[in-house]
Each structure stands twice: as C-alpha cells, then as structure tokens.
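Visitor: Could you walk me through this model and explain the terms as we go?
Guide: Gladly; let us look at it together.
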Amino acid sequence: MNWFKFSAPSTFYPLAGRLIPWFAALAALFGGVGLWIGLVVAPTDFQQGEAYRIIFIHVGAAWMSMFIYLVMAFWGGMGLAFKTRLSGMMTEALAPTGTMFAFLSLWTGALWGRPTWGAWWIWDARLTSSLILLFLYIGFIALTRAIDDPRRADRAGAVLLLVGVVNVPIIYFSVQWWNTLHQPASLSVGKGSSMAAIMLWGMLLCTVAMWMYSIALTLARVRTIILVRERHTDWVRALLAALPAQNSR
Amino acid sequence: MLRLIAAIIARDLRLALRRPADLVAVLFFFVIVASLFPLGVGPETALLRQLAPGVLWVGALLATLLSLPRLFADDFRDGTLEQLALSPHPLGLMVLGKVIAHWLCAGLPLALLAPVLGLQFDLSADALWVLTFSILLGTPALSGIGAIGAGLTLGLRGGGVLLSLLVLPLYIPVLIFGAGAVEATVSGLGAGAHLSLLAALTVGGVVFAPWAAALALKIALE
C-alpha cells in the first residue's frame with residue numbers, strides 16, 4: 001500500500017470521511033464499557049473513597065494531552081522535512097482537541113485534589129509542567145491564528161511544536177525526578193500495574209475511547225480545513241457543486 | 001567562524017550604544033518593577049526577604065522579554081536580515097552572535113543591577129552573590145529562547161503580546177531554577193544543584209536555540 005498516496009488532501013478527504021464513523025463508533029463503544037466498569041462495576045477505593053473514580057477521565061485526558069502534542073510535533077516535523085500540505089492541516093486540526101484534554105486533565109485533577117489533598121491547586125512539578133503544556137497549546141494556536149499566510153503559519157507553528165516538545169518527557173518523568181505531592185505512575189512498562197485489575201481495565205478502556213474520539217474529531221476537523229484551504233482547486237469546486245441545494249444559499 | 005560571530009556582536013553592540021536610551025529603559029523597567037513590590041505588599045523585612053528571589057527573577061525575566069522584539073525587528077525593517085540570510089555563512093551562527101550581543105546589552109546589565117535591588121529587599125551578602133551569579137548564568141538561556149520567539153513573531157500584527165505568550169512558558173524552567181538557587185541560599189541549603197541545572201539550561205539554550213531561531217527567521221523571510 002502506498003501511504004504517500006493519501007498525503008494529498010484530495011485523496012485524504014474521502015478516506016477521512018470513510019474512517020470517521022468507524023472511529024466514532026469505537027469511541028462510543030469503548031467509552032460506554034469503560035465508564036460502565038468505572039462507575040458501576042469497580043469497587044470503592046478504601047483510602048480515597050468514591051473520589052478516585054475521577055481517574056477514569058483524568059488519567060486518559062492527561063495521557064492524551066501529552067500524546068496529541070507528540071503527534072502534532074511529529075506532523076510538524078514531517079511538514080518541515082517534506083513540505084507536505086496535509087501535515088500543517090493535521091497540526092491545526094489536532095490543536096483544539098489537545099488543548100481541551102490538557103485543560104480537562106488540570107480540571108479533573110483539581111476536582112480530585114480538593115477532597116484528597118485538601119487543595120484545588122498545588123505548585124507540584126507535574127501540575128506545573130502540565131500547566132506549561134496547556135500554555136504551549138494556547139501559544140501554538142495564537143501563533144498560527146496570527147499569521148495570515150497558511151503556509152508560513154504551518155511552518156512557524158511546527159518550529160514552536162518542536163521546541164516545546166522537550167516539555168513532554170519532563171511532564172511524564174516529573175513524578176520520578178521530583179518527589180513532590182502528585183503520586184507516581186500506577187502503571188509502568190517494566191513493573192506492570194499497582195492497581196486492582198478491574199480499575200485498570202476501566203481506565204484503559206476510557207483512554208482508548210478518548211483516543212478514538214480524538215481521531216474521529218480530528219479527521220472531521222481536518223476535512224473542514226481541507227475544504228477551506230483547497231477551496232480554489234477544481235476538485236473542491238466539483239465536490240461543492242455536487243452537493244444538494246444547501247450550498248445554493 | 002569566530003570572526004563572523006565577533007563581527008556580528010561588534011556591529012550589534014555599536015548599534016545598541018548609539019541608542020543608549022533603549023538600553024537604559026530596560027534597566028529602569030527592572031528597577032521600577034522591583035520597587036513596586038515592597039510598595040504593594042508592605043515593608044515587612046521578613047516577608048520581603050522571602051519574596052526577593054522570585055520578584056527579582058520575574059523582574060529580570062520581564063525586562064529581558066521587553067527588549068526581545070527589537071532583536072530582529074530593526075534588521076528586518078531595513079533589509080539587513082535578508083542580506084544576512086543570503087550570505088554564504090550559516091544563519092545559525094549569526095543568530096548566535098546576535099543572541100550574545102543581546103545578552104551583553106540586556107542580561108549582563110540586569111545581573112549587575114540585581115544586587116543593588118536585592119539590598120532593597122534586605123538580602124544577605126551570600127544571597128546577593130548567588131542572585132547576581134544566577135542571573136548572570138540564566139539570562140543567556142533567556143536571550144537564546146527569546147530569539148526563537150522573536151523570529152517566529154517577526155513582522156506579525158500584535159507581535160509583542162504574542163511573543164510573551166510563546167516565550168514565557170518556555171522561560172518557566174529558568175525562572176524555577178534561578179529563583180530556586182537564591183531561595184536555597186536564603187534557607188541555608190546551598191545553591192549548587194540549582195546552579196548546575198541552570199548552567200545546563202543555558203548551555204542547551206545557547207547551543208540549540210540559535211538554530212531553531214534561524215529556521216524561524218527563514219520562514220519569516222520567505
């Protein structure tokens with residue numbers, strides 16, 4: 001299979017359209033099962049009580065906020081190296097979802113921290129570095145929106161993404177490097193999990209659901225961006241002309 | 001290579017010295033910001049001594065930020081930057097020269113001024129030394145990272161606000177370790193670890209940032 005075939009917006013547009021329902025369905029399925037396990041099946045934690053159930057959203061959101069930034073940096077690097085048009089559209093499409101997850105991880109963390117730590121916010125290494133990640137997302141969006149020429153916007157944004165990517169390992173390892181309040185990871189590649197199996201499953205399913213949701217949403221957004229940016233091309237004109245009545249307005 | 005960097009530094013310094021008002025404005029901004037805090041939080045010596053490292057570092061950081069837009073803007077406006085980009089020498093090295101010149105005009109005077117302001121906050125002699133040294137050690141990283149932001153926002157509407165939005169998050173590690181070094185001295189822990197990390201940030205910032213900034217400039221010049 002020739003992957004480069006789909007690097008052209010005109011071939012990627014219909015592919016994305018076909019993929020969206022699948023990823024959306026997977027997101028709904030995994031999200032439904034994950035939340036059912038998390039909110040109904042999983043037992044109450046004997047130390048943290050019911051408050052711990054926020055992890056089913058919090059952990060996934062935090063992972064996704066870091067992961068989406070890495071994916072954006074990957075697309076930014078591809079765009080700088082190969083000058084593909086689609087790469088810039090992908091970074092632009094991913095940014096709002098990443099920002100949302102970065103905000104969600106801070107917000108759910110605050111909701112959990114209030115009953116458990118007794119404080120909404122603490123200047124802990126992981127919290128601070130996650131806050132920086134949110135600022136980096138906002139900076140990226142502000143920069144790309146401030147530049148009128150989309151090609152320059154993509155490339156300037158890509159440089160910013162690649163500079164900011166140093167923050168992601170800092171967030172991830174912050175709980176090991178600085179021994180502050182945020183507890184260390186419950187899940188690691190080497191040692192396995194320190195959680196009860198049923199909680200772990202709920203958390204993983206919710207994370208996969210968020211992942212699928214991000215893909216579906218990003219593809220939907222990138223389709224719109226493709227149409228806007230390629231509006232002067234023949235294939236977009238033909239596509240829009242073929243649409244029924246609604247574009248006659 | 002060194003001659004090229006030296007030539008850029010000499011040129012930028014000469015230009016900066018011809019307009020000393022810009023230089024002095026940055027320093028006075030630092031003085032005013034540092035003086036506002038005692039007026040705002042009250043004159044209790046114990047409280048001020050505790051606030052001093054953070055306040056002075058944030059002041060130095062904002063003063064550096066204030067001087068960043070001019071790093072490339074004048075050269076961009078009169079076309080010098082395009083000539084530099086067209087020359088056969090690597091643009092990254094020339095940006096390094098400009099970063100060093102910027103540090104000599106902003107970071108170095110700020111570091112020399114900091115102990116005087118530290119006296120206002122009743123810092124001990126030890127803490128004053130560490131403050132000066134940490135600002136001396138940390139500001140090259142600020143100039144380097146700032147050059148990336150200045151390159152990315154070159155010629156944009158509202159570039160100044162955007163510049164702070166891009167650069168300030170990246171400045172946070174420098175601020176944490178810089179102010180941390182002074183705080184560690186005040187509380188008697190020794191500043192060694194913080195200063196080492198600060199030096200690492202500066203080495204990283206000065207070595208890698210000019211190349212990223214050069215890339216940003218090329219994008220802006222297209």
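Guide: Between them, chain A and chain B bury about 1,800 Å², 75% of it on carbon and sulfur atoms. On the side of chain A, R152(A), R155(A) and V159(A) lose the most area to chain B, together 30% of what that side buries. This is a predicted model, where local features need pLDDT of at least 70, side-chain atom pairs count only at pLDDT 80 or more, and totals for chains, interfaces and linings use all residues. Residues are numbered from 1 along each chain as its sequence is written, chains are lettered from A in the order in which they are written, and side-chain values use heavy atoms, without hydrogens and water.

Visitor: What makes this area "buried"?
Guide: Buried area is the accessible area (1.4 Å probe) that two parts lose on being put together, summed over both.

Visitor: Why is the pair E222(B) and R155(A) called a salt bridge?
Guide: The term asks for a side-chain nitrogen of Lys or Arg within 4 Å of a carboxyl oxygen of Asp or Glu. In this pair the closest N and O atoms are 2.4 Å apart, so the rule is met. Across the interface of chain A and chain B the rule finds 2 salt bridges.

Visitor: How do you know that the span of α3(A) is close to what is expected?
Guide: The expected span is 1.5 Å times one less than the number of residues. Helix α3 of chain A (residues 85-116) has 32 residues, giving an expected 46 Å, and its first and last C-alpha atoms are 47 Å apart, so the two are close.

Note on methods. Helix = DSSP H or I, 4+ residues; strand = E, 2+ residues; numbered from the N terminus.
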